[in-house]
Amino acid sequence: MSATDGASTPFTEEEAGLMRAALELATRAEAEGEVPVGAVVVKDGEIIGRGWNRTIGDSDPTAHAEIIALREAGRALANYRLTGCELYVTLEPCPMCAGAMVHARLGRLVYGATDPKTGAAGSVFDLLPGNAHNHRVAVAGGCLGDECGNQLRAFFRARR
């Protein structure tokens with residue numbers, strides 16, 4: 001599925017379970033006063049990296065859920081190249097995170113809700129499958145998209 005076609009892709013129970021793991025991490029981010037985004041990196045069906053937004057708590061603009069999960073996965077593999085890995089994240093990644101995925105040689109991205117403001121996997125920008133890079137990341141959007149989007153909407157509604 002293209003991230004921009006709006007079609008619904010059937011995701012497996014395993015994929016939905018991995019996105020639920022990312023949703024649990026998003027809930028942790030929210031409990032810490034962060035925007036509720038969670039991510040997991042998976043290799044051969046096993047979670048090897050976990051992350052949740054920590055930009056406020058860490059005073060670090062790069063502490064997005066995806067970056068933290070990629071860092072943990074790199075340490076688990078003792079390699080910055082994450083070939084054969086997949087990243088599941090509750091919100092479509094921003095350009096910074098998409099760039100990190102390309103540099104890590106990530107195999108596949110699966111995201112939940114689209115980000116109409118800074119999404120870089122097809123909504124606003126389409127940085128992952130393009131020919132401008134020497135590596136292309138496969139993208140599948142909309143996995144538990146309603147759940148992921150509802151969590152974010154409720155968070156921002158409560159802040160207003």
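A salt bridge is a side-chain nitrogen of Lys or Arg within 4 Å of a carboxyl oxygen of Asp or Glu. By that definition, the side chains of Asp58 and Arg54 form a salt bridge, with 3.3 Å from N to O. The structure described here is a predicted model, in which local features need pLDDT of at least 70, side-chain atom pairs count only at pLDDT 80 or more, and totals for chains, interfaces and linings use all residues. Residues are numbered from 1 along each chain as its sequence is written, and side-chain values use heavy atoms, with hydrogens and water left out.

**Overall architecture**

- The protein contains 4 helices and 5 strands; these are DSSP runs numbered from the N terminus, with helices (H or I) of at least four residues and strands (E) of at least two.
- Along the sequence, the elements follow the pattern α-β-β-α-β-α-β-β-α.
- The radius of gyration is 14 Å, close to the 15 Å that the globule rule gives for 160 residues, so the protein is as compact as a globular protein of that length.
- In that comparison, the radius of gyration is taken over C-alpha atoms, and the globule rule is 2.2 Å times the number of residues to the power 0.38.
- Taken along the principal axes, the C-alpha atoms fill a box of roughly 40 × 35 × 30 Å.
- Of the 160 residues in the protein, 48% are buried; buried means under 20% relative accessible area, exposed means over 50%, and partly exposed lies in between (1.4 Å probe, protein chains only).

**Salt bridges**

- A search of the whole structure yields 4 salt bridges.
- Glu15 and Arg108 are joined through their side chains by a salt bridge of 2.9 Å, N to O.
- This pair links distant parts of the chain, 93 residues apart: Glu15 belongs to helix H1 (residues 13-31) and Arg108 to strand E4 (residues 108-113).
- Glu15 is buried, because its relative accessible area is 12%.
- A salt bridge of 3.3 Å, N to O, connects the side chains of Glu32 and Arg28.
- Glu32 is partly exposed at 42% relative accessibility, and Arg28 is partly exposed with a relative accessible area of 42%.
- In the pair named at the start, Asp58 is partly exposed, with a relative accessible area of 41%, and Arg54 is partly exposed at 24% relative accessibility.
- Glu15, Glu86 and Arg108 are joined into one network by salt bridges that share partners.

**Surface patches**

- Patches consist of residues with over 30% relative accessible area and no salt bridge; like charges are joined within 9 Å, and nonpolar side chains (Val, Leu, Ile, Met, Phe, Trp, Tyr) within 5 Å.
- Accessible areas come from the Shrake-Rupley method with a 1.4 Å probe, and for residues only the protein chains shown count as cover.
- Lys117, Arg153, Arg157 and Arg160 form a positive surface patch.
- Lys and Arg count as positive and Asp and Glu as negative, while His and the chain ends are not counted; the place of a charge is taken as NZ of Lys, CZ of Arg, CG of Asp or CD of Glu.
- Lys117 sits in the loop between E4 and strand E5 (138-141), and Lys117 is exposed, with a relative accessible area of 71%.
- Val124, Phe125 and Leu127 make a nonpolar surface patch of about 220 Å².
- Leu127 is located in the loop between E4 and E5 and is partly exposed, with a relative accessible area of 31%.

**Backbone angles in loops**

- Most residues other than glycine have a negative phi.
- Arg105, a residue other than glycine, has a positive phi near 60°.
- Arg105 occupies the loop between helix H3 (95-104) and E4, and Arg105 is buried, with a relative accessible area of 16%.
- Leu144 likewise has a positive phi, near 50°.
- Leu144 is placed in the loop between E5 and helix H4 (145-159) and counts as buried at 18% relative accessibility.

**Separations in sequence and space**

- Leu25, in helix H1, is buried at 11% relative accessibility.
- Leu25 and Gly51 are 26 residues apart along the chain, and their C-alpha atoms are separated by 6.8 Å.
- Gly142 is in the loop between E5 and H4 and is partly exposed, with a relative accessible area of 37%.
- Gly142 and Thr55 are 87 residues apart in sequence, and their C-alpha atoms are 25 Å apart in space.
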